[in-house]
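Visitor: I should like to understand how the terms used for this model are justified. Could you take me through them one at a time?

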Amino acid sequence: MRSRRVQPTLPLELPMFKRLVLIAAALLIAPIAFADQSDAKKEQTVVEIAAANPDFSTLVAAVQAAGLAETLSGAGPFTVFAPTNAAFAKLPAGTVENLLKPENKDQLVAILTYHVVPGKVMAADVVGLTSAPTVNGKTLTVDASDGVKINGSTVTATDIVGSNGVIHVIDTVILP
């Protein structure tokens, strides 16, 4: 008599078991993989963005001398009209060096906070404004009739977004 072979049920169950193991492994590994990527893509603050750009080295030095780096690294949101090194170079000779002296800290703070508007004001919002209140309590004049000018300073780049605000680059230091 010929015996009939009976297939064990294990091979049929094994693929399902393998699938479950793979799914469980994927569920366990995925959060770790995505956590690493989210840390790599973490947004920088407006201060970190400026510090990473060599065109803002004078501004960063001034922010540090004024003791504003920690404040501008805070939650915000802030809109910073950031003058470039070339903008600072337009000031009369010795002005920047004089402002960076400890005895002129109050004047430096007044100038720098005149470049900061509370809130996150994107370029699309700026063009609809005629003025904007600054952190130092004074008001900036906004002219969007031919490009965008802030107190006569031309906005040359916009919407550099950070985790706590936005930077718009200007070509001239604006004075209160």
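**Cavities, strands and contacts**

Guide: The largest cavity has a volume of about 160 Å³. Please bear in mind that the model is a predicted one.

Visitor: What makes this space a cavity?

Guide: A cavity is a set of grid points where a 1.4 Å probe fits but cannot get out. The search of the whole structure finds 3 cavities of 30 Å³ or more, and the largest of them has a volume of about 160 Å³.

Visitor: Which residues line the largest cavity?

Guide: The lining is made up of 15 residues, and those nearest the centre are Ala50, Leu59, Val63, Leu72 and Val80. Helix 2 (46-51), helix 3 (57-65) and strand 1 each contribute at least two residues. Strand 1 has the largest share, with 4 residues.

Visitor: How do you know that strand 1 is mostly covered?

Guide: A residue is buried when its relative accessible area is under 20%, and in strand 1 this applies to 6 of its 6 residues. On one side these are Phe78, Val80 and Ala82, and on the other Thr79, Phe81 and Pro83, so both faces of the strand are covered.

Visitor: Why is Thr79 called buried?

Guide: Thr79, a residue of strand 1, has a relative accessibility of 0%. The limit for the term is under 20%, so Thr79 is classed as buried.

Visitor: What does Thr79 touch, leaving out residues up to four places away in sequence?

Guide: Its contacts are His115, Val116, Val117, Gly119, Lys120, Val121, Val166 and His168. A polar atom of the Thr79 side chain also lies 2.6 Å from the backbone oxygen of Gly119.

Visitor: How do you know that strand 1 pairs with strand 2 and with strand 7?

Guide: Pairing requires at least two bridges between the strands. Strand 1 and strand 2 run antiparallel and are joined by 3 bridges, with Val80 having Val116 as its bridge partner. Strand 1 and strand 7 run parallel and are joined by 6 bridges, and here Ala82 stands opposite Val169. Both pairs therefore meet the requirement.

Visitor: What is the order of the strands in the sheet, and which strands stand at the edges?

Guide: The sheet is open, has 7 strands with mixed pairing, and follows the order 2-1-7-6-5-4-3. Strand 2 (116-118) and strand 3 (131-133) stand at the edges, because each has a single partner strand and one side of each is left without a neighbour in the sheet.

Visitor: What makes strand 4 and strand 5 a pair?

Guide: Strand 4 (residues 139-143) and strand 5 (residues 149-150) are joined antiparallel over 2 bridges. One of the residue pairs is Asp143 with Lys149 in strand 5. Since at least two bridges are required, the strands count as paired.

Visitor: Why is the contact between Asp171 and Lys90 called a salt bridge?

Guide: The term requires a side-chain nitrogen of Lys or Arg within 4 Å of a carboxyl oxygen of Asp or Glu. In this pair the closest N and O atoms are 3.9 Å apart, so the rule is met. The two residues are 81 apart along the chain, with Asp171 in the segment after strand 7 (165-170) and Lys90 in the loop between helix 5 (85-89) and helix 6 (95-99). By this rule the count is 1 salt bridge.

Visitor: Are Asp171 and Lys90 buried, partly exposed or exposed, and what makes them so?

Guide: Exposed means over 50% relative accessible area, and partly exposed lies between that and the buried class, which is under 20%. Lys90, at 53%, is therefore exposed, whereas Asp171, at 23%, is partly exposed.

Visitor: Why is Ser73 called partly exposed?

Guide: Ser73, in the loop between helix 4 (69-72) and strand 1 (78-83), has a relative accessible area of 33%, and so counts as partly exposed. A polar atom of its side chain lies 2.8 Å from the backbone oxygen of Ala69. Leaving aside neighbours within four places in sequence, Ser73 is in contact with Thr45, Val47 and Asn164.

Visitor: What makes Ala157 partly exposed?

Guide: Ala157, found in strand 6 (residues 153-162), has a relative accessible area of 28%, and therefore belongs to the partly exposed class. Beyond residues up to four places away in sequence, Ala157 touches His168 and Val169. The C-alpha atoms of Ala157 and Val169 are 5.0 Å apart, with their positions 12 residues apart in sequence.

Definitions and conventions
Residues are numbered from 1 along each chain as its sequence is written. This is a predicted model: local features need pLDDT of at least 70, side-chain atom pairs count only at pLDDT 80 or more; totals for chains, interfaces and linings use all residues. Side-chain values use heavy atoms; hydrogens and water are left out. Buried means under 20% relative accessible area, exposed over 50%, partly exposed in between (1.4 Å probe, protein chains only). Contact means heavy atoms within 4.5 Å. A polar contact is a pair of N or O atoms within 3.5 Å; within protein, one must be able to donate a hydrogen and the other to accept it, and residues adjacent in sequence count only if both atoms are side-chain atoms. On a 1 Å grid over the protein atoms alone, a cavity is a set of points where a 1.4 Å probe fits but cannot get out, and a pocket is an open set with protein on both sides within 12 Å along at least five of seven lines; lining residues have an atom within 4 Å of a point. Grid points are joined across faces, edges and corners, and a volume is the space filled by probe spheres set on the points.
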